[in-house]
Amino acid sequence: MKITGVETHLHRSAFTYGASTGGVGGNLHLRSMDTLLVRVECEDGVHGWGEGFGFTLAETTQDAVDRLIGPACIGQDSRDIAGLGRMLQRRFHNFGRNGPVTFGLSAIDIALWDIAGRRAGKPLHALLGHAARKRVPAYASLLRYGAAEDVADNTAAAVSRGYRRIKLHEVDLACIRAARDAAPPEVPLMLDINCAWNSAEEAIGFCCAVAGMNIRWVEEPTWPPGDFAAIARVRAAAGCGIAAGENLGGPIDFQRLFAEGAVDVAQPSITKHGGVSAMLEVAALAKAAGVAVVPHSPYFGPGLLATLHVLAAMEQEEPLEVYFADLDAPPYGDALAVRDGFVAVPEGPGLGLEPVL
Ligand SMILES: [Mg+2]
């Protein structure tokens, strides 16, 4: 069943995230919430949707799909997801393992899985596993505010919206303490450092400072993200869970990360590492290594929806990352809204929802 069309749509939405000073906390670069939606159409008239990692790079990813990846897909068999993925990865391997090209390849893979589900007449999660969860718990992933009062206010807002797990992107201890004081003690915090610390020793000092605050994990503690030995040193000394993965170069990097014993939690990203197929590969490696999988998913389109299906299918229940921002035009309206801390899993064929462009 040949692919006859690959179309890209830049989805752009204004957003708010509860910052009192218009984004002084470090998100000034985000003027809108942008992402790349990709529609793949086949000769039998079936189509599917994917998403390539976005934000300020969405237009570059769009260019990679329009110029390189889309044309290479035309005429290929949409049913051979693994074979097509291998061909595309080899053809474009010299353009990097984590960047606009792999983001574009991820979008194609997600769309092909959507198509497979639509053809089978089954929701995507039913193709991936047997857990068949009707709803998946969510965690609120707060953007960086950099101001303790904003962090406290938005932590309280997330709790009042029903979230029972909260992630911060703060590095300042006063901000982290403000969140801890604003949330009930049983609500775990996750701390995303975004590689801010320059050494394992600096990161270990930080982890010791937050000990006793009910921290599920500290995420990407050190720079550079590929120094797995440094992350492993932090884990050995930290006394708290360590998470990483969003900036790795696909399944083979995850294998190395696990071999170093560097993490408790792996965070593959469905719009960055090769779509649903790469997510399944990483999940299998993680299971063999005894590592939990809690995907990276701070986006709002087919990538978020596909991640929801993966989590609905997985044996071990883990939460969906939901970016704590209110979009004027979310791609799926309020269909993925968090209610009582959970997101409902669509039961229609494939991804189960059609984005509103
Ligand atoms: Mg992160």
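Modeller: An angle of 65 to 115 degrees between two helix axes counts as roughly perpendicular. This model is predicted, and one pair of helices in it, α3 and α10, falls under that heading.

Biologist: What makes α3 and α10 roughly perpendicular to each other?

Modeller: Their packing angle is about 90°, with the axes 5 Å apart. The range for the term is 65 to 115 degrees, and therefore α3 and α10 are called roughly perpendicular.

Biologist: Which residues of α3 meet which residues of α10?

Modeller: From α3 come Ser-106, Asp-109, Ile-110 and Trp-113, and from α10 come Gly-275, Val-276, Ser-277 and Leu-280. Sorted by class, the contact of α3 with α10 holds 4 nonpolar, 3 polar and 1 charged residues.

Biologist: Why is α2 called roughly antiparallel to α3?

Modeller: Helix α2 (residues 81-91) packs on helix α3 (residues 100-120) at an angle of about 170°, and the axes are 11 Å apart. Angles over 145 degrees count as roughly antiparallel, so α2 takes that name with respect to α3. On the α2 side the residues are Ile-81, Leu-84, Leu-88 and Gln-89, which meet Leu-105, Ile-108, Asp-109, Leu-112, Trp-113 and Ala-116 of α3. The classes in the contact of α2 with α3 are 8 nonpolar, 1 polar and 1 charged.

Biologist: How do you know that α9 and α10 are roughly parallel?

Modeller: The axes of α9 (residues 251-259) and α10 (residues 275-289) cross at roughly 15° and come within 9 Å. The limit for roughly parallel is under 35 degrees, and α9 and α10 therefore qualify. The crossing of α9 past α10 is right-handed. Pro-251, Phe-254, Gln-255 and Phe-258 of α9 make the contact with Ala-278, Glu-281, Val-282, Leu-285, Ala-286 and Ala-289 of α10. Of these residues, 8 are nonpolar, 1 is polar and 1 is charged.

Biologist: What makes Asp-192, Glu-219 and Glu-246 donors of the magnesium ion?

Modeller: A donor atom must be N, O or S and within 2.8 Å of a metal such as this one. The OD of Asp-192 and the OE of Glu-219 and Glu-246 lie 2.0 to 2.1 Å from the magnesium ion, so they meet the cut-off. Their spacing along the chain is D-x26-E-x26-E. Asp-192 is in strand β7 (residues 189-192) and Glu-246 in the loop between β9 (242-244) and α9, so this pair ties together parts 54 residues apart in sequence.

Biologist: What is unusual in the backbone at Asn-194 and Pro-224?

Modeller: Most residues other than glycine have a negative phi, and most peptide bonds are trans. Asn-194, which is not a glycine, has a positive phi of about 50°. Asn-194 sits in the loop between β7 and α7 (200-209). The peptide bond from Trp-223 to Pro-224 is cis, with omega near -5°. Pro-224 belongs to the loop between β8 (215-219) and α8 (228-238).

Biologist: Which residues does the UniProt domain annotation cover?

Modeller: The unreviewed UniProt entry places "Mandelate racemase/muconate lactonizing enzyme C-terminal" at residues 148-241. In the model that span is 47% helix and 13% strand, and its end C-alpha atoms lie 24 Å apart.

Notes:
Residues are numbered from 1 along each chain as its sequence is written. This is a predicted model: local features need pLDDT of at least 70, side-chain atom pairs count only at pLDDT 80 or more; totals for chains, interfaces and linings use all residues. Side-chain values use heavy atoms; hydrogens and water are left out. Axes are lines fitted to C-alpha atoms, for helices over the stretch in contact, and angles run from 0 to 180 degrees between N-to-C directions. Helices (H or I, at least four residues) and strands (E, at least two) are DSSP runs, numbered from the N terminus. A crossing is left-handed if the near helix is turned anticlockwise from the far one by less than a right angle, and right-handed if clockwise. Contact means heavy atoms within 4.5 Å. Ala, Val, Leu, Ile, Met, Phe, Trp, Tyr, Cys and Pro count as nonpolar, Asp, Glu, Lys and Arg as charged, and the others, Gly among them, as polar. UniProt positions are given in the numbering used here, feature names are shortened, and annotations may be inferred rather than shown by experiment. Donors are N, O and S atoms within 2.8 Å of the metal (3.2 Å for Na, K and Ca); water is not among the atoms, so sites may look incomplete.
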